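Me: I'm new to this structure and would like a close look at one residue, with a little of its surroundings. Could you walk me through it?

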Amino acid sequence: GEEPNNPASTGDVVGKEITDYQFSFKYSFDNPDNDLLRPKLHVYHNRTETDEKDLTGANVGRVRSRDFRTIGFAADNQSLVSFGTGHNHTFSYGIEYYADELNSSSTSGTFDGVPNAEADFFGIYLQDEIDIGTDVGTFTIIPAVRYDHYSSEDNAGNDQSDGEVSPKLSVSYRPNSAFMVY
């Protein structure tokens, strides 16, 4: 397409071509005879290529390109455990990882404001959904914890790295299937 170089103005126009590739593989296994093993796996790769050519203005003919890639996976499992009538646990646990890479170039040497950069993201979690059935309804308690970490750096010498633990607690009450308070 053709659009303003700066969407906030009606000045210079660029011709823009965006090509997006997405590859994904998902696998899940659910054996009704095995309540402990219900794994899911998702592996993916995304790539977006953007080419911009200045059609008007002081930079006519300049070509700027961005190549953004993400590769990642997520793996998790659910285990169902019953402790007598009306007391059930659904344990969910898993990990996630993905990496981003951005490469940019310009026929004028640099692509201002778009540095080459890399980033990595990692997460791991554990959750227990506890259902307790009683004569007056069902109570559900969900304690969970997740840890996330990221790091990034660019070719301008900037870098960041941080991680954080996120706890969660949810409580709900269902006196019947049509009403819930949480």
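Reply: Here is a look at T140, followed by the protein around it.

A word on the basis first: this is a predicted model, in which local features need pLDDT of at least 70 and side-chain atom pairs count only at pLDDT 80 or more, while totals for chains, interfaces and linings use all residues. Residues are numbered from 1 along each chain as its sequence is written, and side-chain values use heavy atoms, leaving out hydrogens and water.

You will find T140 in strand β7, which covers residues 137-154; strands are DSSP runs of E with at least two residues, numbered from the N terminus. Is T140 buried or exposed? T140 counts as buried because its relative accessibility is 5%, and buried means under 20% relative accessible area (1.4 Å probe, protein chains only).

Leaving aside residues up to four places away in sequence, T140 touches E129, I130, D131, S170, V171, S172 and R174; contact here means heavy atoms within 4.5 Å. With R174, the side chain of T140 also makes a polar contact of 3.2 Å, that is, a pair of N or O atoms within 3.5 Å, one able to donate a hydrogen and the other to accept it.

Now step back to the protein, which has 9 strands and 0 helices (a helix would be a DSSP run of H or I with at least four residues). The C-alpha trace spans about 75 × 30 × 30 Å along its principal axes. Of the 182 residues, 21% are buried.

Definitions and conventions. Buried means under 20% relative accessible area, exposed over 50%, partly exposed in between (1.4 Å probe, protein chains only).
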